[in-house]
Amino acid sequence: MITKIINGKIISGREIVTDRALYFRENEIMAVTGEPRPYDRLMDAEGQYVSPGFIDIHVHGGGGYDFMDGGVEAIAKAAEFHLAHGTTSIMPTSLSSSMDTLTAFLEDLRSAMKSHATKANLLGAHLEGPYFSLGQSGAQNPAYIKNPEPAEYEEIIRLYGDVIRRWSFAPELKGSEAFCRRLKENGILSAIAHSDAVYEDVEKVYGLGCHLVTHLYSGMSSITRHNGYRSLGVVEAAYLLEDMAVEVIADGRHLPPELLKLIVKCKGVEKICLVTDAMRGAGLAEGESFLGRREEAMPCVIEDGVAKLPDRTSFAGSVATADRLVRTMVQKADVRVSDAVWMMTAVPAEIFRLGKKGKLQEGYDADIVWFDSDIRVSKVIVGGYWNDETEHFSDK
């Protein structure tokens with residue numbers, strides 16, 4: 001069955017076109033064209049933006065669920081919460097934890113991926129830790145932070161290399177270069193996070209293929225001074241190394257508007273991925289919460305539109321959804337709608353080589369989101385299905 005979408009502001013690449021219709025059949029886009037074509041079903045976008053489905057490559061949970069809670073249901077429920085806000089492809093993210101909890105998460109995610117437990121595209125796991133700097137642990141549980149242990153990570157890769165898409169680590173730690181090499185050899189993307197590295201540390205792993213910085217400015221070193229001499233940190237290295245891409249938590253809390261503008265000015269939209277870094281409290285009322293699996297969780301409190309440690313010394317993840325990220329970039333960082341969407345779709349698709357995702361083009365997957373001028377999502381199409389008023393998906 002061929003579906004035709006009309007009267008939309010279609011976000012085609014980094015431009016917006018209004019004189020074309022989008023045609024798709026099942027899960028494939030057939031054309032974005034002004035030429036009339038046969039169709040079986042008509043959908044009227046009524047002047048709303050028609051965008052590629054959002055791709056979130058760093059997210060811990062939402063809707064009251066954490067991806068590490070245990071079981072396939074928690075994974076499906078968290079993914080479906082974000083799906084309703086336009087995230088059609090999602091990369092469930094872990095925290096520093098015991099090995100039993102980490103392997104249980106990977107086992108559950110593998111099961112969820114194989115069983116297609118949710119309409120959302122589960123891209124595989126992002127392991128955030130445990131090979132981090134204690135000085136930059138933030139909301140990561142310090143009890144589980146350590147240096148890379150070859151016997152440990154080799155076994156994890158052997159058992160779950162098919163599930164792990166990405167692994168974030170601190171490059172200054174002993175053994176980090178060998179770890180980075182092993183990730184590349186196994187097709188796992190490496191990223192820098194929770195790090196006290198200086199420029200030389202970053203440069204070494206950059207040369208080994210590590211070209212992504214996790215949540216820029218959060219949990220990472222900046223310029224330091226030793227006996228008057230200045231050393232660049234991870235932040236400055238991210239700016240200086242041309243092919244280094246960066247994640248940005250554009251929830252309007254982690255980074256002020258002026259800093260968002262600076263990042264865009266320095267890195268350009270081609271090297272920025274918008275990420276939620278959302279935890280279970282996304283979509284819930286403010287109040288006490290916790291980060292990670294209950295047995296090993298870090299307590300936190302949700303207030304002012306963000307999660308914080310109880311002593312308010314650090315953020316503990318966001319409660320944002322992907323549509324909020326796009327809205328923040330447009331309304332507070334003065335970025336064009338099409339460019340904000342590009343950072344939420346095409347850039348992560350390119351970095352992770354997702355093939356037919358991230359753009360509205362012929363032959364690409366029909367992952368499509370509609371939203372209004374205030375970036376409020378009204379319809380989500382994924383895999384040939386779309387949401388109705390109760391937020392369940394069906395082939396109508």
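## Terms and model

Helices here are DSSP runs of H or I with at least four residues, numbered from the N terminus. Keep in mind that we're looking at a predicted model.

## The largest pocket

Let's start with the open space. The largest pocket comes in at about 740 Å³, and 29 residues line it. Head for its centre and the nearest of those residues are Leu-189, Glu-350, Ile-351, Phe-352 and Arg-353.

Which helix gives the largest share of the lining? That's α10, with 5 residues. The helix α10 spans 346-351, and along with α4 (176-185) and β15 (189-192) it's one of the elements that each put at least two residues into the lining. As for chemistry, the pocket lining splits into 15 nonpolar, 9 charged and 5 polar residues.

## The largest cavity

Now for the enclosed spaces: the structure has 3 cavities of 30 Å³ or more. The largest cavity holds about 70 Å³ of space. It has 14 lining residues, and Leu-95, Ser-96, Leu-291, Gly-292 and Glu-296 sit closest to its centre. The lining of this largest cavity breaks down into 6 nonpolar, 6 polar and 2 charged residues.

## The second largest cavity

Next up is the second largest cavity, with a volume of about 50 Å³. Its lining includes the run Lys-356, Lys-357, Gly-358, Lys-359 and Leu-360, plus Asp-365 and Asp-367. Also among the lining residues are Pro-52, Gly-53 and Ile-55, together with Thr-88 and Ser-89.

How many residues of each class line the second largest cavity? The count is 5 charged, 4 polar and 3 nonpolar.

Methods:
Residues are numbered from 1 along each chain as its sequence is written. This is a predicted model: local features need pLDDT of at least 70, side-chain atom pairs count only at pLDDT 80 or more; totals for chains, interfaces and linings use all residues. Side-chain values use heavy atoms; hydrogens and water are left out. On a 1 Å grid over the protein atoms alone, a cavity is a set of points where a 1.4 Å probe fits but cannot get out, and a pocket is an open set with protein on both sides within 12 Å along at least five of seven lines; lining residues have an atom within 4 Å of a point. Grid points are joined across faces, edges and corners, and a volume is the space filled by probe spheres set on the points. Ala, Val, Leu, Ile, Met, Phe, Trp, Tyr, Cys and Pro count as nonpolar, Asp, Glu, Lys and Arg as charged, and the others, Gly among them, as polar.
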